[in-house]
Amino acid sequence: MNEQAKKARDIIVNYKGRPLRIMEVCGTHTHEIFKLGLRKLLPENVELISGPGCPVCVTPVGFIDEAIWLALEKGCVITTFGDLIRVPGTEMSLAGARAKGAVVRPVYSPLDAVEMARQNPDEQIVFLAVGFETTTPSACLAAETAKKEGLTNFSLLTANKTMPNAYAALEGSADAFLYPGHVNAITGTSICEDLKDKGVSGVIAGFTASELLTALAVILKNAEKDEPFFVNCYPRVVKPEGNPPAQKLIEKVMEPCDTEWRGLGVIPMSGMKLRDEYADFDARKKYAMPEIKGRPNPACRCGEVLQGKCKPCDCKVFGKVCTPEHPVGACMVSDEGACAAYYQYGGI
Ligand code: SF4
């Protein structure tokens, strides 16, 4: 442990200030904090709660139903990151749809799906574009590449999301946010500065033990002052201006829209959809998709978990009916899901 990390650890274990609820917005933070055993260092009056930063977890049930409709009704080949395949839809997951004839192929990036479209001109390839500011540029690049090449057998089913309005929707749920460093690497720090001006506190955190200890210690130190604060604790990666080329690409290909978040409902202007110039690559338009509304399993409390209103172990089916092998909700499926983290590391 380096000197900075030791100093941060000492600040954390000796904290005697007011009770604090800190929200890990990012699922990777949740998993890293568990894996590194950092929760055990926290005094009793400091609570870590999970937030809505896992892309798979916040993707609503209806999106899975839409993907299944494209596969079974339109015969499209669905390409997606692996996690999404096991997320339950209203009646089945994409894995279940396979048994009914759906073709679902995992890919590592949207450009892999574009390559699949090039190689298989007789197939209609649809990529499931989920995620935040971090992954949206690669979905935009895929649409841009397909447009340039004039591919007619590639499209995106979008559920891309942006964080600023989600933070507003979460107002009051935590005393401070542990902001997701990789999102801010794209957006820059102005979002967090704006939130501070509105009275919302938080720090941008990296992912190593030293970076996480430092971020938590900075929160505890600043909490003593009892006024809103923001500190970028991940300056080696997050620059104030973010990543301008990625921002420019997103701006060119997509535009903001209202979108549904699992558990949080529809948050105005918190999603991204393809601009009209890219309509040929928008699967909903291309296939004249009807409105499809999903119905979440009533036993699943993912929505409350994602807002920090309950812990995974408060859910009655956690670890019993709902396990990583047989997930009932998205938070148990994803590598970044809070329920999966609590299950894997024995969280309480
Ligand atoms: S334990 Fe399973 S059912 Fe309960 S909230 Fe988590 S994912 Fe949903």
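## Around the ligand

Helix 14 (302-306) and helix 15 (330-333) each supply at least two residues of the shell around the ligand. The model is predicted. The shell counts 15 residues, and C300, C315, C322, G329 and C339 come nearest to the ligand. By class, 13 of the shell residues are nonpolar, one is polar and one is charged.

## The sheet

Elsewhere, five strands build an open sheet. Their order is 2-1-7-8-9, and the pairing is parallel. Strand 2 (46-50) and strand 9 (230-232) stand at the edges. Each has a single partner strand, so one side of each lacks a neighbour in the sheet. From one strand to the next, the twist averages 20 degrees.

Strands of a sheet pair through backbone hydrogen bonds, either parallel or antiparallel. Here, strand 1 (residues 20-24) runs parallel to strand 2, and five bridges join them. One residue pair can be picked out: M23 has I49 in strand 2 as its bridge partner.

## Helices on the sheet

Two helices can be placed against these strands. Helix 2 (residues 27-35) lies across strand 1, strand 2, strand 7 (176-180) and strand 8 (202-205). Helix 2 runs at about 115 degrees to strand 1.

Helix 11 (residues 209-223) also packs on the sheet. Helix 11 touches strand 1, strand 7, strand 8 and strand 9. Its direction makes about 170 degrees with that of strand 8.

Methods
Residues are numbered from 1 along each chain as its sequence is written. This is a predicted model: local features need pLDDT of at least 70, side-chain atom pairs count only at pLDDT 80 or more; totals for chains, interfaces and linings use all residues. A residue is near a molecule or strand if its C-beta atom, placed from the backbone, lies within 6 Å of it. Helices (H or I, at least four residues) and strands (E, at least two) are DSSP runs, numbered from the N terminus. Ala, Val, Leu, Ile, Met, Phe, Trp, Tyr, Cys and Pro count as nonpolar, Asp, Glu, Lys and Arg as charged, and the others, Gly among them, as polar. Two strands pair if DSSP finds at least two bridges between them. Axes are lines fitted to C-alpha atoms, for helices over the stretch in contact, and angles run from 0 to 180 degrees between N-to-C directions. Two residues are in contact if their C-beta atoms, placed from the backbone, lie within 7 Å.
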